[in-house]
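Biologist: I request a close look at one part of this model, namely the empty space and the residues that line it. Please set that part within the fold as a whole.

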Amino acid sequence: MLAVFDKSVAQCPDELKSPNPESVFALKDGNLAQHFSSVHPNAVTINLAQSGFISYSSDKQNPLLPRLFAVVDDILCLFQGHIENFAPLKQQYGLSKTGNEVNIIIEAYRSLRDRGPYPIEHVIRDIHGKFAFILYDCASKNSFVAADPDGSVPLFWGADSEGHLVVSDDAETVKKGCGKSFAPFPKGCFFTSSGGLRSYEHPRNELKPVPRVDSSGEVCGANFKVDVEVKKEPLGMSRVGSAADWSSNY
């Protein structure tokens, strides 16, 4: 799975940008989408207009951690992994018998966006299992990315030459677009367009970037670690529609 978000809808952390990036234009002329399709001939790419694109392929995957893709209304979601408490979550979110893991993620997001200022970290912590997902809301132009606390599903992110955000489960694809400006996506963390990167295991703590150094001694993005000494303010998620006024307070 692959997503490239324009910097206007997903501001890439500056710490991911290497002094010697060797990156390319991931969005311009569809360069990275074409590369992904060459590696995954059956890939499907969805153009998000000025916001970027999302690509999905079911080949070359771990059968124990399958990839899923779904579109509900204006929400697109790529999911890889397995949710252990799927049955109670399916009941909680009122899903039909045909609902699957990716539908759980979409409904969890909708509950955050539409039904009240629930803490994002509480909703994600309710999801038990091995997973990583990339979600994009076309209505609010909000991206939402998360990975489980153990990093069971590989997920990588980086910045291309124009500062656009690249996220994928394939390290080589991210390297192709970002050069040295990439890193593993932090375990137990989530990223949103409105709130940036946060830890849902330690939601009140800041995340501290630690530069990554490759085998040649060059800086290669950054790993983000929980800073136990620095606290953050609580964060909600922006709503859409007529009842959105409260969202500016969270």
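Modeller: Helices here are DSSP runs of H or I with at least four residues, and strands are runs of E with at least two, both numbered from the N terminus. Counted in this way, the protein has five helices and 14 strands. The model is a predicted one. Of its 250 residues, 52% are buried. Among contacts with a separation of 6 or more, 60% join residues 24 or more positions apart.

Rolling a probe the size of a water molecule over the atoms shows where empty space is left. The search finds one cavity of 30 Å³ or more, and the volume of the largest cavity is about 40 Å³. Its lining consists of Ala 108, Tyr 109, Leu 112, Val 123, Ile 124, Ile 127, Phe 133 and Phe 144. By class, these are eight nonpolar residues, with no polar and no charged ones. Helix H3 and helix H4 (120-125) each supply at least two residues of this lining, and H3 gives the most, with three.

Helix H3 therefore merits attention in its own right: its 14 residues, 101-114, should span 20 Å at 1.5 Å a residue, and the 20 Å between its end C-alpha atoms agrees with that. An α-helix has 3.6 residues a turn, so residues three or four places apart point the same way. Helix H3 is nevertheless mostly covered, with 13 of its 14 residues buried.

The pockets are open, unlike the cavity, from which the probe cannot get out. The largest pocket has a volume of about 220 Å³ and a lining of 16 residues. Pro 186, Lys 187, Cys 189, Phe 224 and Lys 225 lie nearest the centre of this pocket. Strand E14 (residues 219-231) contributes five residues, the most of any element. The lining of the largest pocket comprises nine nonpolar, four polar and three charged residues.

The second largest pocket holds about 170 Å³ of space. Its lining is made of Asp 6, Leu 27, Ala 33, Thr 45, Asn 47, Ala 49, Gln 50, Gly 52 and Phe 53, which divide into four nonpolar, four polar and one charged. Strand E2 (44-47) and strand E3 (52-56) each provide at least two of them.

One residue of that lining, Ala 49, lies in the loop between E2 and E3. Most residues other than glycine have a negative phi. Ala 49, although not a glycine, has a positive phi of about 60°. Its relative accessibility is 60%; since exposed means over 50%, Ala 49 counts as exposed. A further positive phi, near 55°, occurs at Lys 141, in the loop between strand E6 (129-137) and strand E7 (142-147). Lys 141 has a relative accessible area of 48% and is therefore partly exposed.

Thr 173 offers a buried site for comparison, as its relative accessibility is 0%. Thr 173 belongs to helix H5 (residues 171-178), and its side chain forms a polar contact of 2.5 Å with that of Asp 170. Leaving aside residues up to four places away in sequence, Thr 173 touches Leu 2, Leu 32, His 35, Phe 36 and Ser 168.

Definitions and conventions
Residues are numbered from 1 along each chain as its sequence is written. This is a predicted model: local features need pLDDT of at least 70, side-chain atom pairs count only at pLDDT 80 or more; totals for chains, interfaces and linings use all residues. Side-chain values use heavy atoms; hydrogens and water are left out. On a 1 Å grid over the protein atoms alone, a cavity is a set of points where a 1.4 Å probe fits but cannot get out, and a pocket is an open set with protein on both sides within 12 Å along at least five of seven lines; lining residues have an atom within 4 Å of a point. Grid points are joined across faces, edges and corners, and a volume is the space filled by probe spheres set on the points. Ala, Val, Leu, Ile, Met, Phe, Trp, Tyr, Cys and Pro count as nonpolar, Asp, Glu, Lys and Arg as charged, and the others, Gly among them, as polar. The expected span of a helix is 1.5 Å times one less than its number of residues. Buried means under 20% relative accessible area, exposed over 50%, partly exposed in between (1.4 Å probe, protein chains only). A polar contact is a pair of N or O atoms within 3.5 Å; within protein, one must be able to donate a hydrogen and the other to accept it, and residues adjacent in sequence count only if both atoms are side-chain atoms. Contact means heavy atoms within 4.5 Å.
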